Each structure stands twice: as structure tokens, then as C-alpha cells.
Amino acid sequence: MVALRMFSYLPNPRLMKATIAARLCEIEIDIRGDKADNLSDWLWDFDARPLVNSDYDRTDVVSKSAHTGFGKKLYKTEQFLMAQPFGTVPAAFSPDGTVGIWESNSILRAVARLGCTSKNLYGADAYEASRIDSFLDSALVFARQSQIYLLALSKSDCTIEIQKETARCFDIFLRGVDSALAGSVHGIVNNKLSIADICFVCEVCQVSRERAHLKTISENRLYRVYDFDALSLEFPNAMSHFDRLCKNEFFSPDIDPLMSKLAKREKDFNNV
Ligand SMILES: N[C@@H](CCC(=O)N[C@@H](CS)C(=O)NCC(=O)O)C(=O)O
């Protein structure tokens, strides 16, 4: 039985937070979406689907430029905007569409709450759950900056200031995770796998998407924020945890295709 419906551009490491947790919890998510460039040709709705001609005449469809990402106009139904007041993706819904959930970390929490009582992915008690929340919040602070960075790279207008600030935020985030993992191999919180680990892995994957923009980085004399070997020297606990979880059977079905594609982009760029 479907426990959650989601709509997003694909692939999206933020959406992967939910799909990895769902795999661990054995719950079903119904996913709708398309490549980022194609989402301007989609009706953003609980019943999201490619636009048809008559949609352009609908009075309940609001067409507006995006405030974050997406160069073109987006077509969102009033019902979508009621459920999703910030109008962003990934967007999640209860199976009947009445409850909208946004922010990938909150969607991740929803999956853990819906399916994981036995696995305790969201902590064994209020203290553990709150410590997990602390990591999720710290991740969001970093994610906000990595979003600015990746959007600037995709528009080819990234400055050294944006990049330095991203590297600084990444450093703060990794330093905290690295310190929390001292002596632990299973998880960031109390050495147990939790949604804090899922969020961590997906946010590192997200910033590693800079590898899709290596030409821009080189042409603008920028450097790389995601340099696995350099990061591993500075943050050995965090990066070996990242590497271990990327290979984990519950993570790899989502992570592998994205990371392999990015590794290929990097290899092709280096071979030019
Ligand atoms: N922090 C949010 C980011 C969501 C977000 O900003 N999504 C952007 C795309 S990257 C969006 O949907 N923009 C649509 C709009 O601005 O209308 C999360 O983790 O879910």
C-alpha cells in the first residue's frame, strides 16, 4: 500500500532521502517526476503529470516563474499550492492528497514516522530523536548554501565568494559529523543507523553534483568543494562513513546511478 506520494525532478538526492528510508522501512512511495528541464512542461499537482493543451486555459492553474531554480514558468494548481504553500519540490503528500509535506528533511522524518517504529530510524526516545533533529537542522544550514552554489554553477555565474562560503559551510558541517563519528562506524547518533545518516549521505551527494559543472569551474578559475581524497584526509570518520553507506545495500540503488554518472562526467572532463 502506498504510504506517500512524491513529486520532484529526477534524479534528486533530496528525494533519495525518502526513498532510502522507505527501502529500510519497507514502505511504498509513489514517485512522479521527470528531468529538471522538463518540469516546466508538467502540471504541478497532487496528480502531477505532463501538461496537456487544455491545462493552459484552466483558471485553477497558477503560472509563475520559480523563486528557486528552474529558468522557465511553472504551472501549479491551486490545490497543489494549498497543500504545498512554498510550492517547492520535492513535494510529498498523504495518499489521499490532503496533507502536503515539503522540505526533504521533513519528508524524510515522515517516512521514518510512517514505517520505522521497529527500526528506530528516528531514535529510540525523545532525546535521541532530538539529537537526530539537530543533525538534520545542521544539514539544512549547509544545504541552503550548497543550493546557492549549484544553482550559480548551473547558470555559469558562480563567483569565488559563493564558492568560498560553500566550502566554509561544508567544512563546518563535516567537522561536526566527523567529531560525532569518532569511534563509531554504524551511525552518527549513538552509533546506530538513523535518518541523520541518510540525510548526511544525500547532502554530500548533492554537493558532489558540482562534478557536472567542471568546465564552468575551470573556466571561472574556481576550485572544487567536493574533493573526496582531500576531504578524507581532513574528515576521515565522516568520509569513510559516507563511502561505507554509499555501498550499503539500502542506499546503493539510489546513490550508485547518480554517483556513477557524476564520476563519468569527471573522467570525461579530465580526459579532454
Ligand atoms: N530545502 C528544500 C529545497 C527545496 C527547493 O528549494 N526546491 C526548488 C528547486 S531546487 C523548487 O522547487 N523551486 C520551485 C519554485 O521556486 O517555484 C528541500 O530540501 O526540500
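Trainee: Which backbone atom lies close to an oxygen atom of the ligand, with the distance in Å?

Mentor: A polar contact is a pair of N or O atoms within 3.5 Å; within protein, one must be able to donate a hydrogen and the other to accept it, and residues adjacent in sequence count only if both atoms are side-chain atoms. Here, a backbone N or O atom of Val 89 lies 2.7 Å from an oxygen atom of the ligand. This is a predicted model, where local features need pLDDT of at least 70, side-chain atom pairs count only at pLDDT 80 or more, and totals for chains, interfaces and linings use all residues. Residues are numbered from 1 along each chain as its sequence is written, and side-chain values use heavy atoms, with hydrogens and water left out.

Trainee: Which side chains have an N or O atom 2.8 Å from a nitrogen atom or 2.9 Å from an oxygen atom of the ligand?

Mentor: The side chain of Glu 103 provides the N or O atom at 2.8 Å from a ligand nitrogen, and that of Gln 147 the one at 2.9 Å from a ligand oxygen. The protein buries 93% of the 520 Å² that the ligand exposes when taken alone (accessible areas come from the Shrake-Rupley method with a 1.4 Å probe; for residues, only the protein chains shown count as cover).

Trainee: What is the strand order of the open sheet?

Mentor: Strands of a sheet pair through backbone hydrogen bonds, either parallel or antiparallel. Strands are DSSP runs (E, at least two residues), numbered from the N terminus, and two pair if DSSP finds at least two bridges between them. In this sheet of 4 strands the order is β4-β3-β6-β5, with mixed pairing. β4 (49–50) and β5 (61–65) are at the edges with a single partner strand each, so one side of each lacks a neighbour in the sheet. β3 (residues 42–44) pairs with β4 in the antiparallel sense over 2 bridges, and Trp 42 stands opposite Pro 50 in β4.
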